[in-house]
Amino acid sequence: WVLLLKAHRAVGCLAWIASLFWALLGTIKKRLIFRQDVAMASEKLGKGKLLFTVIKAFLVTSLTILAFEVVAYLKGWHYFRNPSLHIPRSTDIQGLLHLVYVTWLSVRADYIAPPIQALSKFCVALFLIQSVDRMILSLGCFWIKYKKIKPRIEGDPFKSDDVEGSAYEYPMVLVQIPMCNEREVYEQSISAVCQLDWPKDRLLVQVLDDSDDESIQYLIKAEVAKWNQKGVNIIYRHRLVRTGYKAGNLKSAMSCEYVQAYEFVAIFDADFQPNPDFLKQTVPHFKDNPDLGLVQARWTFVNKDENLLTRLQNINLCFHFEVEQQVNGVFLNFFGFNGTAGVWRIKALEESGGWLERTTVEDMDIAVRAHLNGWKFIFLNDVKVLCEVPESYEAYRKQQHRWHSGPMHLFRLCLPAIITCKIAIWKKANLILLFFLLRKLILPFYSFTLFCIILPLTMFVPEAELPVWVICYVPVFMSFLNILPSPKSFPFIVPYLLFENTMSVTKFNAMVSGLFQLGSSYEWVVTKKAGRSSESDLLASAEMESKIMNQLQIQRGASESELTELNRMKEQKEASPVPVKRVNKIYRKELTLAFL
């Protein structure tokens, strides 16, 4: 009876494991293919089912072969000296199969292995060069930390013992907030900028709205009207002809006549929330420094712990700001403008040609042209501005495609100007060899080719085997260096390695499209925001009731037509049906890489 109970318990455990495995497969199927309670087009369902079926068939085949290997191991078939196992010699095997196998061996050794070996050696050389570059940047960062090197403001420029005047005359500052259909974040960005600690008569805020959704336009107009009522010098601008994406928006705003009265311009994307003292920490660096064209602040992320994707993005971006931007700013006075959270000298923008619409990386474009004109840059690692990172893989992939295709497109356009420019040769070499080729072209090329193509092929072509230090020791060491600026991310080093290999597909594809100017090289998709707020913003949400009480005063400042339109939009929103959920996309390139 006791044995029967134990047997019953064992069978129940096996049945539980089998049901758990079956439920897991069912969950994956619902998640990847048609998802629960979501309608999907039949053609998309068919494509997804076909790919998923191939991957499941490969998994079942792999498990079957693994089971056979286990049985063979237990039976002792792996020992060639086993007398009960007959291992046929080549002379015993006759027929077409033996001929095909011998032919494959000879073709593999003579024609397939040599090009793979040559390509692997080339990629390993690029990998070592890029690793040395990372090492030098990391050592530079350690030296900066050790020597406590950073741009400093001598004294307090805003403190004066003179009763009659101030020690520092506040310059005229223009603040621009470019946005496009930013329903989730427009309010918090406008609110943060309007609370900047700067004399109101020396500050002008431009809300550059490129939204094509009329409901969002009216919401932003109402927010601008609210802060205008509070005495903030703020202007709403909307372009009728939306060309050139963000560059066209900024170019149109800089063409206004009143901009000539301003000396500096600060730029914030719609999801950025600067602290009130941002201008007081950045603008004084321009004093007594006529060659300074840009002061760039660091980004911090309000949603970095939201999910695994945001944690992995935080690793890359912390290394970018802490190491790359800071080291290049201290030792070279040049780095790529990040497009936001920076203050430009308007004279530097004008002398460099202003904003151009020729690429999707207008921030890098203006930075390169300003560097060629002799302007210097400063990076402030201590001045941090809150923002968001994409929380969905779809948004992140589109952002990375733009960030990696744009630089290659820009490289084609800027190369003649760099070669003919009258700057030092070492600056030209830094721009061409390091800034563009090594960090924008070679990095995605070798990471995709070496670790996603050659490494799997060595399983089938053993003649092209890679040394263990290439596939293990050096990548792990470099990953540790990448994670050092964000030490709390050390538990995620293994997912980070796998994630970087998977993302190399998107980065390589974007690099090729930008280099050869393919159709997707000039594709701009606004990164979807979630509208995350900082802790201070969450505490401020307790004042929402007072905002509602002030709504009547805000509406008095708006025109009757705008109020009528706002009421109409609210009624439409209340009467609109429940939106249909979007289905998860199936990323075929990434799944194909996982399959490989």
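Trainee: Are F321 and F379 buried or exposed?
Mentor: Keep in mind that this is a predicted model. A residue here needs under 20% relative accessible area to count as buried. Both F321 and F379 fall in that class, so the word you want is buried.

Trainee: How do the rings of F321 and F379 pair up?
Mentor: Their centres are 6.1 Å apart, and their planes make an angle of 15°. Planes under 30 degrees apart are the cut-off to think of. That angle passes, so the pair is stacked.

Trainee: Which elements hold F321 and F379?
Mentor: The two sit 58 residues apart, so to speak, in distant parts of the chain. F321 belongs to helix α8 (residues 308-331), and F379 to strand β7 (residues 376-387). The elements are helix α8 and strand β7.

Trainee: What about the pair F445 and F508, what kind is it?
Mentor: Here the ring centres lie 6.4 Å apart, with the planes at 35°. Stacked needs under 30 degrees and edge-to-face over 60. This angle fits neither, so the pair is tilted.

Trainee: Which helices does the pair of F445 and F508 link?
Mentor: F445 lies in a helix covering residues 425-457, and F508 in one covering residues 493-515. They are 63 residues apart, so this pair too links distant parts of the chain. The helices are α12 and α14.

Trainee: And how exposed is F445?
Mentor: Buried would take under 20% relative accessible area, and exposed over 50%. F445 has 22%, so the label is partly exposed.

Trainee: Which aromatic residue has the charged end of K440 over its ring?
Mentor: Look for the charged end of K440, 4.4 Å from a ring centre. That ring belongs to a residue of an aromatic cluster that also includes F321, F379 and W344. The residue is F435.

Trainee: Where does UniProt list "transmembrane region"?
Mentor: The unreviewed entry gives three stretches, and two of them can be checked against the model's helix content. Residues 441-460 are 85% helix with 0% strand, while residues 466-484 are 84% helix with 0% strand. The listed residues are 50-74, 441-460 and 466-484.

Trainee: Zooming out, what share of the protein's residues count as buried?
Mentor: The protein has 19 helices and seven strands. Its chain runs to 596 residues. The buried share is 43%.

How values were computed
Residues numbered from 1 in each chain as written. Predicted model: local features only at pLDDT ≥ 70, side-chain atom pairs only at ≥ 80, totals over all residues. Heavy atoms only, no water. UniProt positions renumbered as here; feature names shortened; annotations may be inferred. Helix = DSSP H or I, 4+ residues; strand = E, 2+ residues; numbered from the N terminus. Phe/Tyr/Trp six-rings, centres within 6.5 Å; stacked < 30°, edge-to-face > 60°. Buried < 20%, exposed > 50% of the residue type's maximum accessible area, 1.4 Å probe, protein only. Lys NZ or Arg CZ within 6 Å of the ring centre and 35° of its normal.
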